[in-house]
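The following exercises are to be worked with the sequence and the structure in view. Each task is followed by a solution in steps.

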Amino acid sequence: MSSFLPRPRIALPLAAVLTALLSGLIVTVSSTQAATPGQNVDISIAKFAYGPQDITIAPGTTVTWINHDEAPHTVTSTDKSFASKGMDTDDKYQHTFANEGDFAYICTVHPFMTGTVHVHKP
Ligand SMILES: [Cu+2]
């Protein structure tokens with residue numbers, strides 16, 4: 001008879017724990033909304049919506065819209081200060097916002113799609 005009991009192996013994989021902690025930190029940093037002049041910002045078009053729908057950027061920022069839908073979309077400002085052509089799947093449209101202001105835009109194909117770019121000095 002043996003009284004030997006195998007000890008359960010419950011050593012924590014330290015690397016996995018560190019990776020989880022670090023990825024949490026990285027997510028926290030990247031979720032800040034500050035935009036510096038000249039920095040590029042992407043807005044995705046997916047499932048008939050702009051994302052993010054509202055953004056705040058500094059003057060001089062270039063915004064790139066990318067159409068991820070199968071359907072065609074446009075980016076058309078309501079004050080006509082900028083307008084894309086019809087964007088097919090994976091098409092991109094860029095506009096640099098030089099001046100401060102609140103710029104609302106819609107998709108002319110689907111006018112229920114709305115977004116706003118707020119341009120303000122930091
Ligand atoms: Cu559309």
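**Exercise 1. Backbone geometry in the loops**

Task: Determine whether D90 is buried or exposed, and state what is notable about its phi.

Solution. Step 1: count the neighbours. D90 has 9 other C-beta atoms within 10 Å and is therefore exposed, since the cut-off for that class is 12 or fewer. The structure is a predicted model, and the count is computed from its atoms.

Step 2: place the residue. D90 belongs to the loop between β5 and β6.

Step 3: examine the backbone. Although D90 is not a glycine, its phi is positive, about 70°. Most residues other than glycine have a negative phi, and most peptide bonds are trans.

Step 4: look for other departures from this rule. F48, in the loop between β1 and β2, has a positive phi near 60° and is likewise not a glycine. With 13 other C-beta atoms within 10 Å, F48 is partly exposed. In the loop between β2 and β3 lies P52; the peptide bond that leads from G51 to P52 is cis, with omega near 0°.

**Exercise 2. Confidence and overall composition**

Task: State which stretch of the model has a pLDDT below 50, and describe the make-up of the chain in terms of helices and strands.

Solution. Step 1: consider the whole protein. The mean pLDDT is 81, and 69% of the residues reach 70 or more.

Step 2: locate the weak part. Residues 16–32 have a pLDDT below 50, and this stretch makes 1 contact in the model beyond near neighbours in sequence. Where pLDDT is low, the predicted coordinates should not be read in detail.

Step 3: list the elements. The protein has 1 helix and 8 strands, and along the sequence they follow the pattern α-β-β-β-β-β-β-β-β.

Step 4: add the global figures. Of the 122 residues, 16% count as buried. Among contacts between residues at least 6 apart in sequence, 47% join residues at least 24 apart.

**Exercise 3. The sheet that contains β4**

Task: Establish the order of the strands in the sheet that contains β4, and identify the partners of I66.

Solution. Step 1: write the order. Four strands form an open, mixed sheet in the order β2-β1-β4-β6. Its edge strands are β2 (49–51) and β6, each of which pairs on one side only. From one strand to the next, the twist averages 25°.

Step 2: assign the direction of each pairing of β4. Strand β1 (residues 40–46) and β4 are parallel, with 6 bridges. β4 and β6 (residues 92–97) are antiparallel, also with 6 bridges.

Step 3: read the register. I66 in β4 stands opposite S44, while in β6 the bridge partner of I66 is K92. W65 stands opposite Y93 in β6.

Step 4: separate the two faces of β4. T61, V63, W65 and N67 form the covered face, and T62, T64 and I66 the uncovered one.

**Exercise 4. The sheet that contains β8, and the core**

Task: Explain why β3 and β5 each have a side without a neighbour in the sheet, and state which elements give two or more residues to the largest nonpolar core.

Solution. Step 1: write the order. In this open sheet of 4 strands the order is β3-β8-β7-β5, with mixed pairing. β3 (54–57) and β5 (76–77) are at the edges with a single partner strand each, so one side of each has no neighbour in the sheet.

Step 2: examine one edge. β5 pairs with β7 (residues 101–106) in the antiparallel sense over 2 bridges; T76 has I106 as its bridge partner in β7.

Step 3: name the core. The largest nonpolar core has 10 residues: I45, Y50, I57, V63, W65, V75, F97, Y105, V117 and V119. β4 and β8 (114–119) are the elements that give two or more residues to this core. In soluble globular proteins, nonpolar side chains tend to be buried together.

**Exercise 5. A buried loop residue**

Task: Determine whether S84 is buried or exposed, and list its contacts away from near neighbours in sequence.

Solution. Step 1: place S84, which is in the loop between β5 and β6.

Step 2: count. S84 has 20 C-beta neighbours inside 10 Å and therefore counts as buried.

Step 3: list the contacts. Leaving aside residues up to four places away in sequence, S84 touches T74, V75, T76 and Y93.

Step 4: add a distance. The C-alpha atoms of S84 and C107 are 9.4 Å apart, with their positions 23 residues apart along the chain.

Notes: Residues are numbered from 1 along each chain as its sequence is written. This is a predicted model: local features need pLDDT of at least 70, side-chain atom pairs count only at pLDDT 80 or more; totals for chains, interfaces and linings use all residues. Two strands pair if DSSP finds at least two bridges between them. Axes are lines fitted to C-alpha atoms, for helices over the stretch in contact, and angles run from 0 to 180 degrees between N-to-C directions. A nonpolar core is a set of buried Ala, Val, Leu, Ile, Met, Phe, Trp, Tyr and Cys residues joined through C-beta atoms within 7 Å. Two residues are in contact if their C-beta atoms, placed from the backbone, lie within 7 Å. pLDDT is the predictor's confidence in each residue, from 0 to 100.
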